Amino acid sequence: ATMIALDGGKKSKQLVELVKDEDWEACTKLLMQRCQVSKPKELLPLLRGLLQQVAERQRLKVEAQSKAETAKVLPTLASLYGPEAVAEAEKSTAMAQAEWRYCWMVRSFFTVRTLASLQAEVLNAYEAEEFQAACEALNKTWVNVDRMPLDQKMRAIEALCLENALKRILPRYGFKPDADGMAEMKQVVTEMSKLDTEVRRRQMLITAAVMKKFKL
């Protein structure tokens, strides 16, 4: 609907094609023409408003799934701990909603170029002396352990990666700094690896940087 309004009915396909081609310069010029503005920065209020609208609709959709459950919890919380506890819970909920909208909007702009930046940060973090020392220390704890399952070792390595590197990096790219965010990032990498050989190449370097200190 937005594209039709901005591009004038039958011509809407033109904007769609420009978006598919990732020709952002042409998209900007077209939007400026349709919005009758002379500077690209004058489009920012429009773009911010559109993103906030889409993010809010998505948030409400997700929130509706747990609304009934929350309605049951708050009265119980009030009866046990008083209205102050309810107010604090509602404040925490509002903060969580704001964080959700921020993460959603950041992820909305996630492209192969964004992933390249994320992978570069992760690789630098994994190649740092501090991280390599942490890997070596973890590997030493397994020396005298008899037949530790491989999946248990891999979970320990993932936890080390999260604690020593990823929890600082993930939020900048719209992912939570926890195991769920790490899983979401892996899913994005898997999907984009199917389309871009450079993504696969960088991921192999990242895996090698993590595993070179371990003897599994």
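The exercises below, each with a worked solution, go through a predicted model of a protein chain.

**Exercise 1. How many helices and strands does the protein chain have, and which pattern do they follow along the sequence?**

Solution. Begin with the count, which gives 10 helices and 0 strands for the protein chain. Reading along the sequence then yields the pattern α-α-α-α-α-α-α-α-α-α. As a next step, consider burial: of the 216 residues of the protein chain, 26% count as buried. Finally, look at the contacts with a separation of 6 or more, of which 61% are accounted for by residues 24 or more positions apart.

**Exercise 2. Which residues touch the most other members of the largest nonpolar core, and which elements give two or more residues to this core?**

Solution. The largest nonpolar core has 33 residues, and those that touch the most other members are F110, Y126, C161, L166 and F175. The elements that give two or more residues to this core are α6 (112-127), α7 (129-140), α8 (150-169), α9 and α10 (197-211). Among these elements, α8 gives the most, with 7 residues. For a closer view, take F110 and leave aside its neighbours within four places in sequence: F110 is then in contact with L115, L118, Y173, F175, V188 and M192. A second core, separate from this one, has 7 residues, including L15, L18, C27 and L31. As general background, nonpolar side chains tend to be buried together in soluble globular proteins.

**Exercise 3. Where around helix α9 do the buried residues of α9 lie?**

Solution. First establish the helix itself: α9 runs over residues 179-193, and its 15 residues reach 21 Å from the first C-alpha to the last, close to the 21 Å expected at 1.5 Å a residue. Next, list the buried residues of α9, which are G181, M182, M185, V188, V189, M192 and S193. Because these residues cover an arc of only 130 degrees around the axis, they are on the same side of α9. A general rule helps in reading such a list, since an α-helix has 3.6 residues a turn and residues three or four places apart therefore point the same way. The last step is the start of α9, where a side-chain oxygen of D178 reaches to within 3.1 Å of the backbone nitrogen of D180.

**Exercise 4. Which residues of α10 are buried, which are exposed on the other side, and what covers the buried ones?**

Solution. Check the length of α10 first: at 1.5 Å a residue its 15 residues should span 21 Å, which agrees with end C-alpha atoms that are 21 Å apart. The buried residues of α10 are V199, R202, I206, A209 and V210. They cover an arc of only 95 degrees around the axis, so they are on the same side of α10. On the other side of α10, T197 and M204 are exposed. The cover over the buried residues of α10 includes α6, α7, α8 and α9. At the start of α10, a side-chain oxygen of D196 reaches to within 2.8 Å of the backbone nitrogen of E198.

**Exercise 5. Is Q119 buried or exposed, and is Q132 buried or exposed?**

Solution. Take Q119, which has its place in helix α6. Q119 counts as buried because its relative accessibility is 2%, and the cut-off for burial is under 20%. Not counting residues up to four places away in sequence, Q119 touches V189, V199, R202, Q203 and I206. Turn then to Q132, which lies in helix α7. With a relative accessible area of 8%, Q132 is buried. Under the same exclusion of residues up to four places away in sequence, Q132 touches Y126, E127, A209, K212 and K213.

**Exercise 6. Which residues does L170 touch, not counting residues up to four places away in sequence?**

Solution. Locate L170 first, in the loop between α8 and α9. L170 is buried, with a relative accessible area of 0%. The residues that L170 touches, with those up to four places away in sequence not counted, are L162, F175, K176, D178, G181, M182 and M185. For one of these, M185, the C-alpha to C-alpha distance from L170 is 8.0 Å, while the two are 15 residues apart in sequence.

**Exercise 7. Why is the pair of Y126 and F131 stacked?**

Solution. A search of the whole structure finds 2 aromatic pairs. In the pair of Y126 and F131, the ring centres are 4.6 Å apart and the planes are at 25 degrees, so this pair is stacked, given that planes under 30 degrees apart count as stacked. To complete the picture, Y126 counts as buried at 4% relative accessibility, and F131 is buried with a relative accessible area of 2%.

Definitions and conventions: Residues are numbered from 1 along each chain as its sequence is written. This is a predicted model: local features need pLDDT of at least 70, side-chain atom pairs count only at pLDDT 80 or more; totals for chains, interfaces and linings use all residues. Side-chain values use heavy atoms; hydrogens and water are left out. Helices (H or I, at least four residues) and strands (E, at least two) are DSSP runs, numbered from the N terminus. The expected span of a helix is 1.5 Å times one less than its number of residues. Buried means under 20% relative accessible area, exposed over 50%, partly exposed in between (1.4 Å probe, protein chains only). The arc is that of the directions from the helix axis to the C-beta atoms. A polar contact is a pair of N or O atoms within 3.5 Å; within protein, one must be able to donate a hydrogen and the other to accept it, and residues adjacent in sequence count only if both atoms are side-chain atoms. A nonpolar core is a set of buried Ala, Val, Leu, Ile, Met, Phe, Trp, Tyr and Cys residues joined through side-chain atoms within 4.5 Å. Contact means heavy atoms within 4.5 Å. Rings of Phe, Tyr and Trp (its six-membered ring) pair if their centres lie within 6.5 Å; planes under 30 degrees apart count as stacked, over 60 as edge-to-face and the rest as tilted.
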